[in-house]
Amino acid sequence: MIQSLLIANRGEIACRIIRTARAMGIRTVAVYSDADANALHVRSADEAVHIGPSPVRESYLMGDRIIAAARETGAQSIHPGYGFLSENAEFAQAVIDAGLIWVGPNPSSITAMGLKDAAKQLMQNAGVPTTPGYLGADQSPAHLAAQADAIGYPVLIKAVAGGGGKGMRKVDAPADFADALTSCQREAASSFGNDHVLLEKWVTNPRHIEVQVFGDSHGNVVHLFERDCSLQRRHQKVIEEAPAPGMDEATREAICSAAVRAAKAVDYVGAGTIEFIADGSEGLRADRIWFMEMNTRLQVEHPVTEEITGVDLVEWQLRVASGEPLPLAQDDLCINGHAMEARLYAEDPIKGFLPSIGRLDTFDLGEGCRIDTGVEQGAEISPFYDPMIAKMIAHGPTRNDARHTLAAALDDTAIWPLKTNAGFLVKALENPDFVAARLDTGLIAREGDALMPPLRPDADALADAAIALTSGGALAGFRLNAPVRAEAAFLLDGETVTIAFDPRGGDAEPNREDVLIAQGGQVWRLAPWRTAGGAGGAASDGAILSPMPGRIIAVAVAAGDAVVKGQKLLTLEAMKMEHSLIAPFDGTVAELNAAEGGQVSEGVLLAKIAKTA
C-alpha cells in the first residue's frame, strides 16, 4: 500500500484527497503557488512545498517542479486530482519514469482518449455508438464550413483536446460559422495548447449522461452506474445527480455495458468517466444514446456516485495504484437512494456570472449536506483559479428528498462580501421542469431571467434589517392613537432604498454600521443612508469598466466607430474564461483605452460609448 502521497492540485479536490489519505494512514504532501500560501489544502497536509508564482502556467502546470517536490519530500506517489495535469500523458509518464507511483490510468490510455476525434474513432471500432460528425485532419476554415453544411445545422464545434465546457460553440446557421470557429480555436489554443476541432451534429433535446467506470491492473473493469449532468450553463455542469431520472433497467444495462467496453478498449486502470449524449425527446432509449468522450480522471461530480454506492472512489484509486484488485465486483455494487450535487461558485449571476474576487469575510454554508470545499472563512478568492468554492451534496431515499435537502441548504447559505450563485441554484432546483425531471442541457438558457435570484430582499426582511439598525435610535417613537410606522432611506449594497418599518422592535447595537440580510442564498448589506453612498462608472452612462483583473485578447472596435446595443466591443480573458464586453446602447466609441494583449485591473475604464442623440 502507498505510504506517502503528493497531491498535484489545489483547493477542494486537494482537500478531498487529503481527507481519504489521512483516513488510510497515508502521509500527504501539498504543493502551492504564491496565491495559495495560506490555503486550506496547504494547512491540511502533513507537509507542503512552494512550486512557483500564482499563474497556473508557472506553478500547478510545472510538472518538473511537482516531481522535484515529490523527491524532496520523499513522497512515494502523485495524485493529480482533476484539471491541471490530470489528463496529461507526458506528465504521467514523467512521474512513472521518476520511479514514482502515478495515481491514475496508464499514459497510453490517456493518450488514446485525450483527443476527442481519435477517441471517437476508437469507440466506433469497439462497437460503442458515437454521434454523427466530422473527425478529419483537414482543419482549414473552408473545409470545416463545408463539413458543417453536410452534417446540417445546428452543429457543435468542439476542441479535440477540450474539457470543462471550454472550446465549444453551438452554431445555428452558416453565417455564424466563421466567427464561432475563430473564437473556439482561440480559446482551445489558450486553454489546451491545441486549436484542432471536431464537428458534431447538435442534438436538439440533449441530455448529458455519464457512467463512472473503474479498472484495475488485474484486468477487472466495473461500472458504478450513471450520473445525469444535463443541467448546464454554457456547457459547464451546474447540478449533477445520480441515478439519472427516467433511466429504466434495460437502458441502464445497455449504456453501462457500453461504458465498460469503452474502458476495456484502452486497457483502462483507475477511475474514469464515459460521457454520453442522449436524445431525450422520447425518454431515455439505448438506441438514442451516443458516446461523446472519456475523462481519464476523477470527475468533479464523483461525490454523487459515492453517495448512492457507498464507495470512496479516492480510496479505490489509491488501492488500485498500489496494485490491489478492485475491492468489489460488479454484482456487489448497487444503487441506494438518490444524490444531487450543486457547484457553489463565487460569481454574480446578476452581472452575467462574472467571478467575484476577494476575501470571504462571512462563509456560512447551510446544513444537512455533505460539503466538499477548499476554503474557509477569511480565505481569499483570487483571479488566478476557477472560482468554485464548494460542492454541496445531498442524499435521500428519493430524488425529491435529495432535491429538497439541497435547496434548503443553499437557501440557508450566507457568504459575504463576495457574490455567489447560491440564489441561482435554489431557483434552478425549484424550477418546474427540473422538479418534474424534464431535463435537457438547454433548460437554463431557455429559462433565463426566471432563474435569476431576486435583486433585493423582500419587504419583511428589509423591515427587520432596518429595525436592527435603528431601534432605540433617533427614529424610535410613536404618536398617540396612530400606528407606529417609520419610513426612512437606507443604502442597500450602496443603492438608496426607502423602507417602511416599526422602529420600536429589536435591540440595536450602539453605533452599528451595517446589517447583512441573507435570503434565498443571496446576501445584501444594509447601511444607514449617507450622501456619499452612491457609486458611479456603470455601463448605464456609457463607461465600460473592466469587471475583474484580466488580459484583453480581442478589440473589435476603434475610437469613433458607430456601435449598436449589444455589439461586442472587447473580449477579456480572466479566471480561465472569455468575457465579452458589449455596448449598453446605440452610440459612438468616444474613448478607447484597451489594446489587444494588454493586462488590466478591475474597475479600469476600457471604453466609453457616447449615446446616439
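**Notes on the cores, helix packing and salt bridges**

1. A good place to start is the largest nonpolar core, which has 37 residues; Ile239, Leu344, Leu406 and Leu410 touch the most other members. At least two residues of this core come from each of strand E12 (236-242), strand E15 (338-345), strand E22 (388-396), helix H12 (399-411), helix H13 (422-429) and helix H15 (443-447). The top contributor is H13, with 6 residues. Please keep in mind throughout that this is a predicted model.

2. Ile239 deserves a look of its own. Setting aside neighbours within four places in sequence, Ile239 is in contact with Asp228, Cys229, Leu231, Glu341, Ala342, Leu425, Ala428, Leu429 and Phe434. Another core lies apart from the largest one; this other core has 31 residues, including Ala14, Val269, Val300 and Met388.

3. Now to the helices. The axes of helix H4 (residues 89-97) and helix H5 (residues 107-114) come within 8 Å and cross at roughly 175°. Angles over 145 degrees count as roughly antiparallel, so H4 and H5 are roughly antiparallel to each other. On the H4 side the contact is made by Ala89, Ala92, Gln93 and Ile96, and on the H5 side by Pro107, Ile110 and Thr111. These contact residues comprise 5 nonpolar, 2 polar and no charged.

4. H5 also packs against H6, at an angle of about 95° and with the axes 6 Å apart. The range for roughly perpendicular is 65 to 115 degrees, so H5 and H6 are described as roughly perpendicular to each other. Ala112, Met113 and Gly114 of H5 meet Lys116, Ala118, Ala119, Leu122 and Met123 of H6. Here the division is 6 nonpolar, 1 polar and 1 charged.

5. How many salt bridges are there? The count comes to 38. One of them joins Lys120 and Glu200, whose closest N and O atoms are 3.3 Å apart. Lys120 lies in helix H6 (residues 116-125) and Glu200 in strand E9 (residues 197-201), so this pair ties together parts that are 80 residues apart in sequence. Are the two partners buried or exposed? Buried means under 20% relative accessible area; Lys120, at 1%, therefore counts as buried, and Glu200, at 2%, is buried as well.

6. A salt bridge also forms between Glu306 and Arg370, with 2.9 Å between the closest N and O atoms. Glu306 sits in helix H10 (residues 302-309) and Arg370 in strand E20 (residues 370-373), so the pair links distant parts of the chain, 64 residues apart. Glu306 has a relative accessible area of 6% and is buried.

7. Two strands are tied together by Arg551 and Glu573, whose side chains meet in a salt bridge (3.0 Å, N to O). Arg551 belongs to strand E29 (residues 550-555) and Glu573 to strand E31 (residues 568-574), so the bridge connects parts 22 residues apart in sequence. Arg551 counts as partly exposed, at 31% relative accessibility. Elsewhere, salt bridges that share partners join Arg16, Arg19, Glu306, Glu307, Asp312, Arg370 and Asp372 into one network.

8. One last residue to find on the model is Thr470, in helix H16 (residues 459-470). Thr470 is buried, with a relative accessible area of 12%. Thr470 and Asp312 are 158 residues apart along the chain, and their C-alpha atoms are separated by 52 Å.

Key
Residues numbered from 1 in each chain as written. Predicted model: local features only at pLDDT ≥ 70, side-chain atom pairs only at ≥ 80, totals over all residues. Heavy atoms only, no water. Axes fitted to C-alpha atoms, helices over the stretch in contact; angles between N-to-C directions. Helix = DSSP H or I, 4+ residues; strand = E, 2+ residues; numbered from the N terminus. Parallel < 35°, antiparallel > 145°, perpendicular 65-115°, else oblique. Contact = heavy atoms within 4.5 Å. Nonpolar A, V, L, I, M, F, W, Y, C, P; charged D, E, K, R; others polar. Salt bridge = Lys/Arg side-chain N within 4 Å of Asp/Glu carboxyl O. Buried < 20%, exposed > 50% of the residue type's maximum accessible area, 1.4 Å probe, protein only. Core = buried A, V, L, I, M, F, W, Y, C linked by side-chain atoms within 4.5 Å.
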